[in-house]
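Visitor: I am new to this structure and would like a close look at a single part of the picture, the salt bridges. Please take me through them slowly.

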Amino acid sequence: DPVDIRESLPGLGLPDLRTLGNILFRLEFQGTPADFTVNLGAETDAGAIQLDGGLKTANRLTYKAKLETRNFDFGVATGKDEFRSSVNVVATIDGFGTDVRSMRAIARIDVDSSSFSDIPLRRSVFVFDIGEGVLNSHVAAATGAASFNLSGGLHFLPDSTTYKYEGSVSSLNLGPFLKNTSYQSDLSFKLSGSGLWQDKSGMRTNAALSFTQSFFNNEKFDSGEARVSFDDEEASSSQFLLKSDIADLSIRGTFTPTSFLSNVSSGIEILSKGIAHRIKNLDSLRSFLPFQFRTASKFQVSGAGKMTPLAAQFSARIHNLYALGVAVHEPLHGACTIEGRIEGDVDSLRFSAEVMSAGFSYGAPLTGFSMSGFRAVTDLAGISRLNFFESFNGTLDVQSRHGVIGKTNLSEIRAGIRSNGAEGTFDVSVLVDSTTHVEMLGTAVHRGGIYQLNMERVKLGFGTTDYENADPVSLLLGQDGFQFKSFSLRRETEEI
């Protein structure tokens with residue numbers, strides 16, 4: 001019983017093996033602690049394990065071992081369902097030393113007739129050979145969702161490490177790996193790369209992908225190229241570059257790929273959850289007659305500790321929105337460029353950008369929308385997971401020469417929004433179907449669960465006839481819709 005072992009030997013800090021259930025084992029030990037051989041066989045609820053090996057410490061550390069598992073289930077061993085498996089492995093190692101710059105060893109792992117996380121593992125071999133500071137490796141693996149043939153090497157120098165790799169991946173189906181059927185695919189590509197790690201400074205790395213005929217989400221493409229590089233050897237200036245058939249991306253500043261992705265994804269999460277929180281917590285207008293205000297509920301986004309701050313400028317040129325849309329499962333078409341800057345961290349993040357497009361569309365022709373001659377500029381400051389609505393201050397300005405929403409044609413589109421979380425201003429102007437001109441300008445205030453919009457200017461133009469407001473138009477927006485407190489438009493003696 002694993003519990004008995006821990007209780008009998010409390011000072012050894014043995015791991016908790018209760019998930020293995022009752023263990024039936026056989027142990028043979030011959031020799032001394034400095035020179036011994038061991039044979040261990042164990043039957044557990046997670047599967048069978050056989051270990052045979054030996055170790056010598058005189059003069060230099062030498063070792064030789066063989067580990068074999070039969071139908072071993074890592075899900076049972078770890079208590080985690082996502083690791084459920086049936087693994088049949090034979091692993092061997094033979095060598096001396098532990099310092100990567102002076103040791104000599106060869107290790108081999110053979111896998112056959114296994115499965116891991118519902119993915120079949122067929123005959124696969126992993127070989128690692130290290131000597132004179134050079135580690136070479138080769139992987140030939142086959143699963144029910146891909147085949148891999150990869151080779152690589154690490155060279156351990158006194159103050160740095162260099163590496164290189166190359167290989168191919170065939171018939172990669174992302175669906176089983178991501179546990180999402182919307183990512184069904186058949187991807188085949190060659191890859192290669194090299195790089196350098198400096199012990200006391202940064203790193204330099206580059207990689208290349210070359211796709212052959214593949215399928216993704218029922219879309220076929222015959223070829224594709226992508227190249228990636230990252231350099232942060234200068235502590236105050238890092239650079240990331242991506243060039244591909246779909247898009248080019250450049251990031252420069254003080255950042256790491258991890259800090260950039262984590263802060264951007266967390267910033268998007270905070271914004272989206274903040275908007276959803278406001279919508280979800282709108283109150284019914286029926287409970288606010290006469291109009292009253294209450295204290296808004298607190299909004300915070302939980303985070304996994306402090307994130308590394310960054311200050312980076314970025315530039316993206318998306319050549320093919322359709323291909324990007326296929327990757328993210330959105331019906332996109334067209335092209336665009338994005339230039340911007342991001343700085344801070346998720347406790348105080350600022351994001352500014354300019355988006356320009358000669359033309360793009362989203363959705364089907366009669367139900368989606370499209371824009372041409374499009375330009376948007378935004379500056380979002382005070383994005384914070386702790387006090388978002390108290391610290392947020394943002395602006396958004398949009399212009400478009402022409403647009404279509406469903407069957408409605410729009411032109412001369414202009415919109416501007418200013419918001420500090422609780423209050424804001426807006427300014428909208430658009431020509432609808434070349435006959436109706438709409439203008440609105442005003443302020444918005446959020447208190448408790450209700451928005452109050454005060455439109456200082458409302459103008460509706462039908463051909464050569466214009467109707468305008470004489471007094472401010474007041475609108476309440478709540479959970480169950482909107483309500484005009486007052487609304488009137490006049491033209492000379494006419495009034496709506």
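Guide: What follows is a walk through some of the salt bridges, with a short look at a surface patch at the end. Please keep in mind throughout that the model is a predicted one. As a general background, side chains of opposite charge can pair when their charged atoms come close.

In this structure there are 17 salt bridges, and one of them joins glutamate 43 to arginine 70, whose closest N and O atoms are 3.2 Å apart. Glutamate 43 belongs to strand β2, which covers residues 35–44, while arginine 70 belongs to strand β4, which covers residues 62–72, so this pair ties together parts that lie 27 residues apart in sequence. Glutamate 43 has a relative accessibility of 41% and therefore counts as partly exposed, and arginine 70, with a relative accessible area of 39%, is partly exposed as well.

Another salt bridge is formed by glutamate 269 and lysine 273, where the closest N and O atoms are 2.8 Å apart. Glutamate 269 and lysine 273 sit in helix α4, residues 257–280, and because they are 4 residues apart there, about one helical turn separates them. Glutamate 269 counts as partly exposed at 29% relative accessibility, and lysine 273 counts as partly exposed at 41%.

A further salt bridge brings together the side chains of lysine 459 and aspartate 466, at 3.6 Å from N to O. Here the two partners fall into separate classes of exposure: lysine 459 has a relative accessible area of 14%, and since buried means under 20%, lysine 459 is buried, whereas aspartate 466, at 32% relative accessibility, counts as partly exposed. Salt bridges can also share partners, and in this way Arg108, Asp110 and Arg123 are joined into one network.

To set beside these charged pairs, there is a nonpolar patch on the surface, with an area of about 380 Å², made by Leu477, Phe482, Phe484 and Phe487. Of these residues, we can look at phenylalanine 484, which lies in strand β31, a strand that covers residues 481–486. Phenylalanine 484 has a relative accessibility of 38%, and so counts as partly exposed.

Conventions. Residues are numbered from 1 along each chain as its sequence is written. This is a predicted model: local features need pLDDT of at least 70, side-chain atom pairs count only at pLDDT 80 or more; totals for chains, interfaces and linings use all residues. Side-chain values use heavy atoms; hydrogens and water are left out. Patches are made of residues with over 30% relative accessible area and no salt bridge: like charges are joined within 9 Å, nonpolar side chains (Val, Leu, Ile, Met, Phe, Trp, Tyr) within 5 Å. Accessible areas come from the Shrake-Rupley method with a 1.4 Å probe; for residues, only the protein chains shown count as cover. A salt bridge is a side-chain nitrogen of Lys or Arg within 4 Å of a carboxyl oxygen of Asp or Glu. Helices (H or I, at least four residues) and strands (E, at least two) are DSSP runs, numbered from the N terminus. Buried means under 20% relative accessible area, exposed over 50%, partly exposed in between (1.4 Å probe, protein chains only).
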